[in-house]
Amino acid sequence: GSAGCVIANRLSKNQNNTVCIIEAGPKDWSPLIHIPAGFMYNLKNKKLNWMYQSEPSWGTKGRSIGIPRGKTLGGSSSINGVVFNRGQSMDFNVWAQKGNIGWSYEDVLPYFINMETKTGSGDEGYHGSKGEQIISDLGWRDPLCDAFIKGAIDHGIPYNDDYNGKKQEGVSYVQRTTSGRFRRSSAKSFLNPIKNRKNIHIITNAHVKKIILKNKKAEGIEYFLKNKKNEITKIYANKEVILSAGVINSPQILQLSGIGPAGLLKEHGIDVIHNLDGVGKNLRDHYNVRLTGRVKNASTINEKSRGFPLIKEIFKYFWNGNSILSLGPTLVYCFWHSDESIKNHDIQMTFTPASYPEGNQAGLDKKPGFSIAVWQQRPESHGWVKIRSNDPLDKPIIQPNYLSHPEDQKVCVAGIRLARKLMHSKPLSEYLDEELYPGKSIGNNYDELLEIARERGLTCYHQMGTCKMGPESDKTAVVNNKLKVYGISNLRVIDASIMPTMLSANLNAGAIMIGEKGSDMILGENE
């Protein structure tokens with residue numbers, strides 16, 4: 001995934017190291033990976049997506065929510081919305097304040113800079129020009145997006161053309177992991193250019209069964225090829241086993257290997273190698289509510305995606321890239337706060353000139369529309385990932401517990417109120433024909449809007465935290481600040497699952513940074 005491709009790149013630079021990558025999915029050959037708009041199809045593609053589902057909960061009004069996770073080289077960076085967002089400086093300073101020495105914003109900024117090549121403008125001192133990950137500003141301009149931005153500015157939200165720079169607060173068009181008309185996944189950026197190195201070996205369509213452990217030391221892994229569950233292959237590591245399987249699969253693999261809460265392991269007949277209670281806990285996610293409006297006096301992505309207009313867009317894409325096929329799900333980002341007396345930058349909003357049935361981005365409405373999605377940046381609600389059985393092919397139990405914390409409910413309602421204000425701003429009034437959702441029958445009553453959030457909220461695909469990084473005194477921690485698993489030698493977890501608290505961001509950028517910093521720590525110890 002996002003971190004694993006970076007690790008393979010960095011470790012294999014030294015010819016004394018040999019690196020083997022085990023990937024459950026196929027190679028990243030599908031054209032729908034590399035065309036940004038392909039994300040809509042990849043959300044439903046079982047070959048490239050694990051197609052996980054959350055458990056029902058009060059916060060989702062008893063609904064099960066789809067939890068897409070990438071299942072190909074590049075992981076979720078190969079199927080995501082191509083938005084690049086680091087988060088706020090205070091996010092990382094909180095990590096350091098919680099005892100994770102070396103993870104403050106000052107510590108991690110050099111890794112963000114090192115990994116990227118930022119095209120276009122940006123705040124000086126915050127961006128790189130020599131890294132593998134290309135970050136570009138969205139070149140597309142749209143009258144609806146411009147009107148939303150103008151409405152936000154009229155509300156007092158400043159324009160900020162670099163939310164990955166000195167400060168995040170404000171509104172602007174997005175920065176993206178794209179180059180020209182194509183997606184730049186972590187595999188495209190870090191793995192594909194070096195895949196022919198003699199000291200790197202890539203195995204795809206290989207499902208990990210468990211980690212091979214002896215005397216609490218990770219010696220290798222067992223895996224089987226797709227549809228050959230009974231033909232187990234073992235690979236032994238010369239130095240370390242590194243889990244970069246993501247927020248769902250990394251804790252699942254640890255639990256299947258006998259590392260995790262003792263009661264859970266015994267329940268499923270797994271020998272307890274090390275009782276580590278935090279494995280699978282601390283799951284957090286951004287939970288968004290998508291408001292929609294019917295559009296007049298403008299053309300939207302909805303009608304451009306069907307019939308002859310779509311043929312025209314396909315031609316434009318291959319002619320000059322200026323097409324809806326070059327777009328992700330979001331065109332404008334807005335960062336603000338739920339309480340103007342506190343101003344703690346806890347709300348994120350997105351705008352796009354498209355609308356989706358029931359807010360689900362796997363399809364588009366047939367009539368012209370736009371969407372404003374809103375979510376709390378740093379949720380307090382947390383859940384878990386647990387194995388369902390001792391069968392590695394069984395999908396784990398995923399319970400994010402959306403909106404279970406009162407603070408999340410309060411911020412969510414405040415976000416919906418703000419999004420509605422911006423929907424009805426004067427600049428957008430020229431284009432707003434009708435508020436479709438929540439609709440004019442719904443007022444601004446707290447309980448009504450909370451019910452709207454429970455009724456239609458969905459994941460932002462930003463799960464994190466299930467192999468939490470923390471000091472040894474934190475009994476919920478799984479790895480230390482060197483990303484080494486407590487109680488087991490020669491084993492690290494390096495992906496978004498180690499995040500102790502949520503970033504005010506999409507998590508792809510943070511995961512790549514974790515891969516960069518994790519690699520540096522490994523090389524520092526072994527060279």
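This is a walk through selected helices, strands and loops of a predicted model.

**Stop 1: helix α1**

Start at the N-terminal end and select residues 2-11, which make up helix α1. This helix is mostly covered, with 10 of its 10 residues buried. The buried residues are S2, A3, G4, C5, V6, I7, A8, N9, R10 and L11. To see what covers them, add β1 (19-22), α5, α7 (186-191), β10 (200-203), β14 (241-243) and α15 to the selection; the buried residues of α1 pack against these elements.

**Stop 2: helices α5 and α15**

Two of the elements that α1 packs against, α5 and α15, also pack against each other. Select residues 105-115 for α5 and residues 508-526 for α15. Two packed helices are described by the angle between their axes and the distance between the axes. Here the angle is about 105° and the axes are 9 Å apart. Angles of 65 to 115 degrees count as roughly perpendicular, and α5 and α15 are therefore roughly perpendicular to each other.

Now show side chains at the contact. From α5, the contact is made by V108, Y111, F112, N114 and M115. From α15, select A509, G510, I512, M513, E516, K517 and D520. The residues of this contact divide into 7 nonpolar, 2 polar and 3 charged.

**Stop 3: strand β5 and its partners**

Select residues 133-137, strand β5. How many of its 5 residues are buried? The count is 4 of the 5, so β5 is largely enclosed by the rest of the structure.

Strand β5 pairs with strand β4 (residues 116-118) in the parallel sense, over 3 bridges. Click on T117 and look across to β5: its bridge partner there is I134. Strand β5 is also joined to strand β7 (residues 175-176), by 2 bridges, and these two strands run antiparallel. On this side, S136 has R176 of β7 as its bridge partner.

**Stop 4: the β17-β22-β23 sheet**

Next, select the 3 strands of an open sheet, in the order β17-β22-β23, with antiparallel pairing. Strands of a sheet pair through backbone hydrogen bonds, either parallel or antiparallel. The edge strands are β17 (281-283) and β23 (397-399), each of which pairs on one side only. Neighbouring strands of the sheet are turned by 35° against each other on average, direction ignored.

Zoom in on β22 (residues 383-386), which 3 bridges join to β23. W384 can be found opposite Q399 in β23. Then add residues 246-256: this is helix α8, which lies across β17, β22 and β23 and runs at about 55° to β22.

**Stop 5: E380**

Step back from β22 into the loop between β21 (369-376) and β22, and select E380. Is E380 buried or partly exposed? Its relative accessible area is 38%, and E380 is partly exposed, since this class lies between the 20% limit for buried and the 50% limit for exposed.

Leaving aside its neighbours within four places in sequence, E380 is in contact with R284, H405, E407 and D408. For a distance check, pick the C-alpha atoms of E380 and V413: the residues are 33 apart in sequence and 15 Å apart in space.

**Stop 6: backbone details**

The remaining selections concern the backbone. N401 lies in the loop between β23 and α12 (406-423). Its phi is near 55°, a positive value in a residue other than glycine. N401 is buried, with a relative accessible area of 17%.

Y461 sits in the loop between β25 (458-459) and β26 (491-493). This residue also has a positive phi, near 70°. At 27% relative accessibility, Y461 counts as partly exposed.

For a cis peptide bond, select Y437 and P438, where omega is about 5°. P438 is in the loop between β24 (432-437) and α14 (446-456).

**Stop 7: helix α11**

Finish at residues 307-319, helix α11, which has 13 residues. From its first C-alpha to its last the helix reaches 19 Å, close to the 18 Å expected at 1.5 Å a residue. Just after α11, G321 takes a positive phi of about 80°.

Key. Residues are numbered from 1 along each chain as its sequence is written. Side-chain values use heavy atoms; hydrogens and water are left out. Axes are lines fitted to C-alpha atoms, for helices over the stretch in contact, and angles run from 0 to 180 degrees between N-to-C directions. Angles under 35 degrees count as roughly parallel, over 145 as roughly antiparallel, 65 to 115 as roughly perpendicular and the rest as oblique. Contact means heavy atoms within 4.5 Å. Ala, Val, Leu, Ile, Met, Phe, Trp, Tyr, Cys and Pro count as nonpolar, Asp, Glu, Lys and Arg as charged, and the others, Gly among them, as polar. The expected span of a helix is 1.5 Å times one less than its number of residues. Two strands pair if DSSP finds at least two bridges between them. Buried means under 20% relative accessible area, exposed over 50%, partly exposed in between (1.4 Å probe, protein chains only).
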